[in-house]
Amino acid sequence: MSEKSFDEIFSVFEEISNSYKRSNQYFDILYDSESSTLITKSRTSENIVVNTKKSGIVARTFTGTWKEIAITEFSNIKKIERKLPRVVNMGKKIKEFEGWSLNEEIKPKINPLEVPIDEKIKKIRDFYSYMMKFDERIINTEVRYLEYFTERIFFNNEGCQLRQVIPRSSLFIIPIAKEGVVADFDYYIDSGEIGFEIFDKVDNNTLDETAQKSLDMLQAELPPSGKYSVILDPGMTGVVAHESFGHGLEADQVIRNRSYLKAKLNQQVASEICTICDSPTMDNAFGTYFFDDEGIKAGKNVLVKDGILKDFIYDRRTASALNAIPKGNGRRESFAHPVHPRMTNTYFEPGDCSLEEMIEGIKYGVILVHEYFGMEDPLGGGMQNTSKKGYLIENGEKTKILKAVTLSGDVLETLHRIDAISKGSIEIDGGRCGKGDEDYVPVGSGGTYIRIKEALISPG
Amino acid sequence: MKNEKIDLIEDTIKTKNIEEYEIYLIEKKIYETMFLKSEPEVEREIEDFDYFIRILTQKGDQTGVGVVKGNAMDSKEIGKNIDTCVLLSKNNITSKYRFPEKKSISNIIIADNSILKDPIGIKNDLCEELISLVKDQKGVIPTFGRLRLHIKEELLRNSNEVTLESTKTFFYVEYSLKAERNGKLSEYWNTEYFKEKEHLNFKKRIEEWAKIAKDTLIAEPPKPKKDAIVIFTPHVLRQAIIPVIGFHVTGQSFSEKISAYKINDEVATKEITLIDDGLLAGGLSSNGWDGEGNPHQKTEVIKNGIFQNRLYDQKYAILNGEEPTGNGIRSIFGGIYNGISNFQIKPGTTSLEDMISDIKEGYYIEKFSWLNPEEISGNFGAEIRNGYYIKNGELHNPIKLGNVSGNVLEMMKNCLCISKEVEFSENSLFPYMSFSNLNVSF
């Protein structure tokens with residue numbers, strides 16, 4: 001799309017939004033642009049890809065159902081008016097919310113756009129070389145750095161005039177260790193709404209630890225299968241909060257009659273020591289923003305308080321259908337993807353135990369460490385969450401290192417069996433989450449350590 | 001229009017005296033209906049456009065590759081993008097690379113003309129058929145769905161006078177059918193891309209999905225077993241084989257010393273013959289050419305259990321002194337990676353029915369929660385969403401929950417039987433296969 005200033009976009013969007021009367025129909029329009037730099041390095045490959053700016057516009061109207069048009073050329077803006085017909089008396093088909101104005105940019109401590117490309121490449125090469133010299137059993141290392149800026153401008157016919165620019169960065173370091181026929185790895189990851197300062201957290205100690213952790217995986221054994229007491233590290237705690245539990249609270253699943261949690265509002269869904277929240281307002285977290293892609297102001301949502309289910313996660317459509325207050329969860333991957341109610345930063349609030357006490361209380365069990373992936377089951381309430389590794393706990397002590405561990409079983413049974421949550425500050429890991437198999441949006445998830453009795457685990 | 005765009009970019013490149021360049025354009029049109037229960041809820045029409053420029057700077061026995069992505073078409077922005085790309089190529093160092101030369105390309109048809117003529121009409125007809133069949137099913141309730149039609153036009157031009165163009169059409173279908181009795185819930189939730197309209201086969205599929213949803217209502221957790229026999233459907237098999245075997249057979253994994261496979265190694269039971277075929281009629285990844293303009297071809301990867309050939313893109317072919325096999329895949333960021341096109345496993349001679357009847361005790365997996373094996377080790381563990389317990393040669397009872405774990409590299413050596421029936425699943429054409437020595441836990 002041709003370069004336009006945001007003032008020019010504001011002016012065009014205001015005119016088109018005002019041409020659809022709110023009393024007749026709901027209308028909104030979103031400008032979405034992303035610019036990014038990706039640098040990857042491995043044994044035989046070094047790639048640098050710059051997305052100077054990819055942008056597009058999506059507009060839609062609600063007249064009982066949604067109709068949506070997306071374009072990539074500003075000159076095609078009239079197509080929106082041609083394709084989205086004006087109707088009468090359909091305005092009440094969806095609840096009206098108050099319009100508001102905002103123009104905000106999150107400024108990273110070190111703006112990556114002001115850092116020369118050769119400086120970025122040098123960092124990546126230095127990390128790679130350091131890891132490869134650490135031990136001859138490190139046969140390869142993948143270093144991956146991504147920085148990107150997302151700009152969203154949103155107007156609707158309720159008076160919303162909004163703009164936000166959000167920077168995000170992520171850094172992965174994956175040393176691959178091999179001895180004989182056994183090859184395995186562990187990894188370092190950091191991500192957030194931060195800039196080039198992401199590199200400041202990585203010193204030689206961090207690199208040494210990451211390389212050693214990969215080497216340790218060469219000794220890892222298969223985890224046991226069956227029901228045991230387990231402890232989840234903060235990353236895995238976040239996967240349970242997000243994948244296993246949070247997806248079932250997305251209110252599109254509620255209006256589809258596809259959520260096992262639909263009938264559980266104000267009921268006990270977890271042990272009473274559990275409080276689970278979703279918040280797009282946490283500083284520097286990957287899923288943070290000022291407003292969602294439907295112009296709703298971002299706000300904290302206490303989903304579970306002391307084990308009781310308190311709320312669902314809404315977009316405009318589901319909030320309207322369920323007469324609820326949306327807290328800014330209507331999100332698109334980009335202008336080319338649809339809106340769904342989505343999580344932002346989802347986490348367990350800390351408890352009052354120490355990790356040592358939690359480990360000491362287990363005769364035979366497993367700690368699941370370093371989240372790998374998870375999958376939702378909003379209708380059935382099942383779960384599958386896999387950690388990259390684990391440790392056996394024997395007689396209250398952490399002993400052998402284990403290969404990937406999968407936590408599965410019934411979500412609500414598992415949440416009821418949480419008997420300890422560690423104190424300390426919440427750790428949030430960032431990543432991109434899909435709805436089913438697609439529509440990926442940046443999210444954060446985390447918490448502290450949690451302990452679960454009789455959790456079903458198996459090799460992952 | 002696309003030609004005008006590529007001409008404009010090429011003209012600007014030429015004014016800057018750049019010797020080695022490549023321009024890749026992609027235009028997408030997407031038409032989608034999203035359903036709430038069985039009613040349309042969202043109608044979407046999407047136009048999307050990107051271009052990628054790659055510029056090379058040769059540095060002796062190494063090469064600098066710059067890659068830029070954008071969609072701004074005014075000359076000032078194009079000029080800035082080219083300057084950025086040159087800067088990147090000067091800073092980048094990778095192994096020797098040059099763009100593919102002009103070669104003979106198979107002229108295969110990957111677009112359905114009826115879709116190109118009337119995409120919205122075709123999509124609406126398909127939606128009507130889908131919904132009518134969904135509503136006809138007894139004992140299940142639709143919760144939501146999506147039907148999407150894609151038209152993807154690609155154009156590639158490089159400084160070696162390679163000029164290629166293709167138009168592809170394909171579909172995406174997602175639907176969830178729910179069964180409910182006495183407060184118990186179950187569902188079958190399908191998400192899949194389909195290359196051809198004939199592959200949609202809604203009548204057969206919807207009936208099968210409804211049956212599985214109803215069966216899962218009475219599903220029990222699986223009986224734990226340490227050396228279990230498990231049948232994988234073609235859909236499940238794709239999720240196991242492509243990420244792991246597809247990784248170990250590339251030139252990249254070999255060059256990076258991570259591949260578990262050496263040429264002439266016995267890597268699978270002798271009944272397994274695996275082919276990579278970028279020209280496979282009906283394959284989702286089929287095209288005459290790969291992401292960097294090399295011709296797609298058919299490569300025998302594993303023959304009768306023996307590893308025969310690696311798959312190369314241009315970079316890893318040069319690095320290993322081999323010929324590219326048409327396995328350069330264009331990533332969404334614009335760079336090229338070494339991957340598979342379509343995988344095909346040769347069918348066996350046994351029917352699925354006979355395969356099941358030969359198993360005294362085993363498991364048949366229709367769908368996992370997410371089978372996501374770790375590509376280097378091949379290890380996996382996945383929760384059963386829809387499946388059956390096999391007892392005395394029959395599907396005895398539906399199963400759900402519990403985990404199947406194992407290792408994909410080992411599974412290939414522990415294949416018991418391959419069905420004669422084969423099915424497309426996105427970029428694979430696979431039979432049903434049974435494997436021994438898997439771990440089923442609950």
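In this predicted model, the axes of helix H4 (residues 119–136) of chain B and helix H6 (residues 202–217) of chain B come within 10 Å and cross at roughly 35°. The crossing of H4(B) with H6(B) is right-handed. On the H4(B) side, Glu129(B), Leu130(B), Leu133(B) and Val134(B) make the contact, and they meet Phe202(B), Lys203(B) and Ile206(B) of H6(B). Sorted by class, this contact has 5 nonpolar and 2 charged residues, with no polar ones.

Next come the nonpolar cores. In soluble globular proteins, nonpolar side chains tend to be buried together. Here, the largest nonpolar core holds 135 residues, and Val230(A), Val366(A), Val230(B) and Ile365(B) have the most contacts inside it. Helix H7 (residues 234–248) of chain B supplies the largest share of this core, 8 residues. What surrounds Ile365(B), leaving aside its neighbours within four places in sequence? Its contacts there are Val230(B), Ile231(B), Phe232(B), Thr233(B), Val236(B), Ile384(B), Gly387(B) and Val404(B). A second core, separate from this one, has 41 residues, among them Ile9(B), Ile53(B), Val65(B) and Leu88(B).

The two chains also meet each other: 68 residues of chain B are in contact with 65 residues of chain A. On the side of chain B that touches chain A, strand E2 (residues 39–59) of chain B gives the most, with 11 residues. That side of chain B is made up of 23 nonpolar, 26 polar and 19 charged residues. Strands pair across the chains as well: strand E2 (residues 45–62) of chain A runs parallel to strand E3 (residues 62–70) of chain B, and 4 bridges join them. Within this pairing, Asn51(A) has Lys69(B) as its bridge partner in E3(B).

Technical notes. Residues are numbered from 1 along each chain as its sequence is written. Chains are lettered from A and ligands numbered from 1 in the order in which they are written. This is a predicted model: local features need pLDDT of at least 70, side-chain atom pairs count only at pLDDT 80 or more; totals for chains, interfaces and linings use all residues. A nonpolar core is a set of buried Ala, Val, Leu, Ile, Met, Phe, Trp, Tyr and Cys residues joined through C-beta atoms within 7 Å. A residue is buried if 20 or more other C-beta atoms lie within 10 Å of its own, exposed if 12 or fewer, and partly exposed in between; C-beta atoms are placed from the backbone. Helices (H or I, at least four residues) and strands (E, at least two) are DSSP runs, numbered from the N terminus. Two residues are in contact if their C-beta atoms, placed from the backbone, lie within 7 Å. Ala, Val, Leu, Ile, Met, Phe, Trp, Tyr, Cys and Pro count as nonpolar, Asp, Glu, Lys and Arg as charged, and the others, Gly among them, as polar. Two strands pair if DSSP finds at least two bridges between them. Axes are lines fitted to C-alpha atoms, for helices over the stretch in contact, and angles run from 0 to 180 degrees between N-to-C directions. A crossing is left-handed if the near helix is turned anticlockwise from the far one by less than a right angle, and right-handed if clockwise.
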